[in-house]
Amino acid sequence: MARIRTAVFPVAGLGTRMLPATKVMPKEMLPVVDKPVIQYAFEEAAAAGIERFVFVTGRGKTLIEDHFDRAYELFDTLQRKNKTAVLADLEASVPVAGEVIYTRQQEPHGLGHAVWCARHIVGEEPFAVLLVDELLLSDPPPLVDLCRLHERTGGNVISVVEVPAEHTSRYGIIATGKVEDELIEVTGMVEKPKPEDAPSRLSIIGRYVLVPEVFAHLEKGERGAGGEIQLTDAMQKLIGTSAFHAAVYRGGRYDCGDKLGYVEAVVAAALRRPDLAEGVREVLARHR
């Protein structure tokens, strides 16, 4: 099977849960230790072999474009001050020219609409979708596994996590069929079911590998929950027409679009850093 070359990052949201920090700063640019949260998702995609990074942006998101550009004045200053290690790290984080592509979601019609905005760039090949708000810290990153599993099945593969039964009403939950090794057949999806109605305890999270046929369903503009064009609704229609599997993600998962989740993400990311872990533990001990 052909490997996944393109990843779509829907980043047009307003970040209202993180106001006032996101009044002028895109929520995707909020720092997690010393990197914006979007950088983590970008690096995850790069680790999975992605060659084209498609950002679906909106008004007020130009800082994202600047971040993935080469800052000549800064780089020149670091060079003159002989800060070679810092400069090398920054140089390594700048994508190769032409790898990053930007398109705009001009009106907020939902996640499905944002993904649909990238249709002409993606073309007729399977692609990945990463929701930047969800910081997933694991080795290997989850998209690496999804791309590997897509090469095995040739179809759709999504990440899921197991949630407590009493929390199923908060999430999109999958119905499951045959289980083969790490692959779980997806036979259906239910949006926020009551615990007694939930077909499983496996919740969909923000990592997907999808076949291009999803665009035909998104094209119809059908409205779902919240009056928006939902990606979940389009994925539901792929079940039965193309292979559809889930893989359980077992690493750290942090919601950077939520204030408490964001604080936890910063702590978790810092604790993974050998240069910071001991100091962070000392700081946390002082605030018990």
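The paragraphs below lead through a predicted model, from one helix to the salt bridges, a buried strand residue, a surface patch and some unusual backbone angles. Because the model is predicted, local features need pLDDT of at least 70 and side-chain atom pairs count only at pLDDT 80 or more, while totals for chains, interfaces and linings use all residues. Residues are numbered from 1 along each chain as its sequence is written, and side-chain values use heavy atoms, with hydrogens and water left out.

A good place to begin is helix 7, which runs over residues 142-153; helices (H or I, at least four residues) and strands (E, at least two) are DSSP runs, numbered from the N terminus. Helix 7 has 12 residues and reaches 17 Å from its first C-alpha to its last, close to the expected 16 Å, where the expected span is 1.5 Å times one less than the number of residues. Its buried residues are Pro142, Leu143, Leu146, Cys147, Leu149, His150 and Thr153. They cover an arc of only 165° around the axis, which puts them on the same side of helix 7; the arc is that of the directions from the helix axis to the C-beta atoms. An α-helix has 3.6 residues a turn, so residues three or four places apart point the same way. The word buried means under 20% relative accessible area, exposed means over 50%, and partly exposed lies in between (1.4 Å probe, protein chains only). After helix 7 comes glycine 154, whose phi is positive, near 80°.

Helix 7 also takes part in a salt bridge, a term for a side-chain nitrogen of Lys or Arg within 4 Å of a carboxyl oxygen of Asp or Glu. Arginine 148 pairs in this way with glutamate 182, and their closest N and O atoms are 3.0 Å apart. Since arginine 148 belongs to helix 7 and glutamate 182 to the loop between strand 9 (172-180) and strand 10 (183-191), the pair ties together parts that are 34 residues apart in sequence. Arginine 148 is partly exposed, at 37% relative accessible area, and glutamate 182 is partly exposed as well, at 36%.

In total, the structure holds 20 salt bridges. One of them joins the side chains of arginine 3 and glutamate 51, at 2.1 Å from N to O. This pair links distant parts of the chain, 48 residues apart, with arginine 3 in the segment before strand 1 and glutamate 51 in the loop between helix 1 (37-47) and strand 4. Arginine 3 has a relative accessible area of 40% and is therefore partly exposed, and glutamate 51, at 30%, counts as partly exposed too. Another salt bridge connects arginine 207 with glutamate 44, where the closest N and O atoms are 3.0 Å apart. Arginine 207 lies in strand 11 (residues 202-210) and glutamate 44 in helix 1, so this pair ties together parts that are 163 residues apart in sequence. Both arginine 207 and glutamate 44 are buried.

Strand 4 (residues 52-57) contains threonine 57, which is buried because its relative accessible area is 2%. Leaving aside its neighbours within four places in sequence, threonine 57 is in contact (heavy atoms within 4.5 Å) with Val11, Ala12, Tyr102, Thr103, Arg104 and Gln105.

The loop between strand 1 (6-10) and strand 2 (31-32) holds methionine 25, a residue that counts as partly exposed because its relative accessibility is 31%. The same loop between strand 1 and strand 2 holds proline 20, and the peptide bond joining leucine 19 and proline 20 is cis, with omega about 5°. A cis peptide bond also leads from aspartate 139 to proline 140, with omega near 0°, and proline 140 is found in the loop between strand 7 (134-137) and helix 7.

Most residues other than glycine have a negative phi, and most peptide bonds are trans. Valine 33 has a positive phi, near 65°, and its place is in the loop between strand 2 and strand 3 (35-36). With a relative accessible area of 29%, valine 33 is partly exposed. Lysine 192 has a positive phi of about 55° although it is not a glycine; this residue is found in the loop between strand 10 and strand 11, and lysine 192 is partly exposed, with a relative accessible area of 48%.

Finally, Val24, Met25 and Leu63 form a nonpolar patch on the surface, with about 270 Å² of accessible area together. Patches are made of residues with over 30% relative accessible area and no salt bridge, like charges being joined within 9 Å and nonpolar side chains (Val, Leu, Ile, Met, Phe, Trp, Tyr) within 5 Å. Accessible areas come from the Shrake-Rupley method with a 1.4 Å probe, and for residues only the protein chains shown count as cover.
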